[in-house]
Amino acid sequence: MGRLARKGVVMEAGAVGADADALSATGRRFVRSSEVLRRSRAQLATAFESSGWLGPDAARARADWTTTSDPALADASRFVEVLGLRLLEHADEQRRASRAAGAAGGLTNGFGPGPTGRFHDAIDDLVGARAGDDTRPRRIEDGHDGGVVGRRPHHFDRPADGRDAVLMAMLGLADEDRIAGDEIEIRALDNGRYIVVLPGVTDLSRGFDQFVDRVRDDGLFGIPRAGRDAVEVWSDNDEPTVRKMRYAYEAARRDDTTVNEYSVVTIEALEAAGVPPGAEVMILGHSFGAYTAMDLAADPTVNSAHGANPHGYHVEITHVIAAGAETDWRFDEVPAGTSTLVVNNRFDGVYRAEDLLHADGHARHEGHLEHNFWGGWQGYGHDEHNYIDWLAGTGSDGVEDWLADAGVRYTAGGTRVSVPVPDPNLSAGTRRVEPDES
């Protein structure tokens with residue numbers, strides 16, 4: 001049978017498909033290129049602001065930069081980033097399609113010798129028909145699947161490596177259709193391990209925008225009032241979720257009198273969803289989710305990696321990624337058996353503010369790593385995409401080694417579910433996770 005092949009594409013008697021690993025590699029290159037564009041834009045902006053160039057030509061050049069070139073570079077960077085992330089998503093979908101076609105009697109590359117209709121049927125089953133969006137995987141019926149109970153169960157295939165396993169999980173941080181404002185995500189892997197994704201608060205921008213607007217209007221003298229206004233906005237939030245600023249503040253300033261409600265609700269959610277006691281778990285957290293991930297890893301009653309043989313419900317937290325939060329001061333409390341990666345964007349205004357609350361800590365165990373980087377400016381530098389983009393494109397040896405180590409355990413397919421994390425001070429009765437009936 002005739003066969004044509006070129007990098008990333010396989011053609012076989014009426015079927016066309018992509019090499020999933022090549023898609024992943026290309027996607028990461030696109031994301032890395034978007035980061036280069038972002039850095040170049042920042043350097044040019046600094047040059048224009050700090051240059052001593054004066055006169056009419058200088059004024060015209062600065063005006064052109066502000067009105068034309070700067071927005072164009074921002075759009076180009078975002079366009080390349082979206083392409084890269086979409087390629088990573090397509091790689092995940094391609095692996096599922098290959099497995100489905102192979103199960104139907106196709107070749108090991110995932111595309112059988114039959115007519116193209118068989119291939120398209122497999123794609124339709126996985127992707128579903130949706131006007132204007134034929135690339136989004138279809139969600140299977142809500143209920144119980146993959147050994148866990150939760151909302152919107154969704155099967156995913158084996159990622160290429162540890163980096164892709166982390167990226168596929170972290171993409172949920174920026175996708176409210178996947179993880180709603182009152183939820184976390186549990187990824188039950190086929191090898192019996194679990195990945196838990198903990199997003200940050202849902203109301204940060206409300207108070208933060210209030211703060212920025214007040215300072216812009218009143219200058220530095222308006223900072224105290226701006227702070228009070230922001231706190232008032234956050235305190236008035238009565239949404240039925242633990243993911244809100246008034247609890248995040250307690251976690252950030254943490255002392256012997258505070259309790260991280262997000263941690264308490266998360267461990268209850270894991271037990272209720274069916275994650276078995278003692279299961280190996282990797283936790284990925286952003287912002288308040290990062291504080292919570294570190295809290296859970298540092299708690300010997302929750303994390304059996306401490307070697308304390310907990311009596312109640314517990315898991316073994318083997319890996320933690322804490323992004324977008326100043327958590328290095330917790331390193332001393334996290335056991336050597338929990339590999340921990342703390343990453344922060346130096347442009348992240350939230351991380352910078354939190355850095356004032358605590359003295360810097362340092363990694364003391366092998367497998368504990370902190371890495372600060374110059375990343376994107378989205379959302380005052382705090383946006384999840386700044387961290388996803390950087391992890392997709394970084395060539396840091398230490399980070400690559402850490403991701404490879406995580407991949408040994410967590411490079412596996414499985415099922416993901418979304419699980420509610422209610423506000424314990426607003427919710428009544430049990431927090432047992434039930435299948436979504438909608």
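## Cavities, cores and a buried helix

By class, the residues lining the largest cavity are seven nonpolar, two charged and no polar. The model is a predicted one. That lining consists of F156, D157, P159, A165, R187, L189, I195, Y410 and A412. The volume of the largest cavity is about 40 Å³. The count of cavities of 30 Å³ or more comes to two.

Next come the nonpolar cores. The largest nonpolar core has 44 residues. Those with the most contacts inside this core are I184, I186, Y194, L198, V275, I283 and V320. Several elements each supply at least two residues of the core, among them those tabulated here.

| Element | Residue range |
|---|---|
| β6 | 183-189 |
| β7 | 194-198 |
| α7 | 245-253 |
| α8 | 261-273 |
| β8 | 280-286 |
| β9 | 316-323 |
| β12 | 414-420 |

Helix α9 gives the most to this core, with eight residues. A second, separate core has 33 residues, including L284, A323, L391 and A412. A412 also lines the largest cavity.

Now to α9 itself. Helix α9 covers residues 288-298, and 11 of its 11 residues are buried, so the helix is largely enclosed by the rest of the structure. The buried residues are F288, G289, A290, Y291, T292, A293, M294, D295, L296, A297 and A298.

One residue of the largest core shows its contacts in detail. Leaving out residues up to four places away in sequence, V275 touches V148, I186, Y194, L270, Y313 and V315. Of these partners, I186 and Y194 are also among the residues with the most contacts inside the core.

Technical notes:
Residues are numbered from 1 along each chain as its sequence is written. This is a predicted model: local features need pLDDT of at least 70, side-chain atom pairs count only at pLDDT 80 or more; totals for chains, interfaces and linings use all residues. Side-chain values use heavy atoms; hydrogens and water are left out. On a 1 Å grid over the protein atoms alone, a cavity is a set of points where a 1.4 Å probe fits but cannot get out, and a pocket is an open set with protein on both sides within 12 Å along at least five of seven lines; lining residues have an atom within 4 Å of a point. Grid points are joined across faces, edges and corners, and a volume is the space filled by probe spheres set on the points. Ala, Val, Leu, Ile, Met, Phe, Trp, Tyr, Cys and Pro count as nonpolar, Asp, Glu, Lys and Arg as charged, and the others, Gly among them, as polar. Buried means under 20% relative accessible area, exposed over 50%, partly exposed in between (1.4 Å probe, protein chains only). Helices (H or I, at least four residues) and strands (E, at least two) are DSSP runs, numbered from the N terminus. A nonpolar core is a set of buried Ala, Val, Leu, Ile, Met, Phe, Trp, Tyr and Cys residues joined through side-chain atoms within 4.5 Å. Contact means heavy atoms within 4.5 Å.
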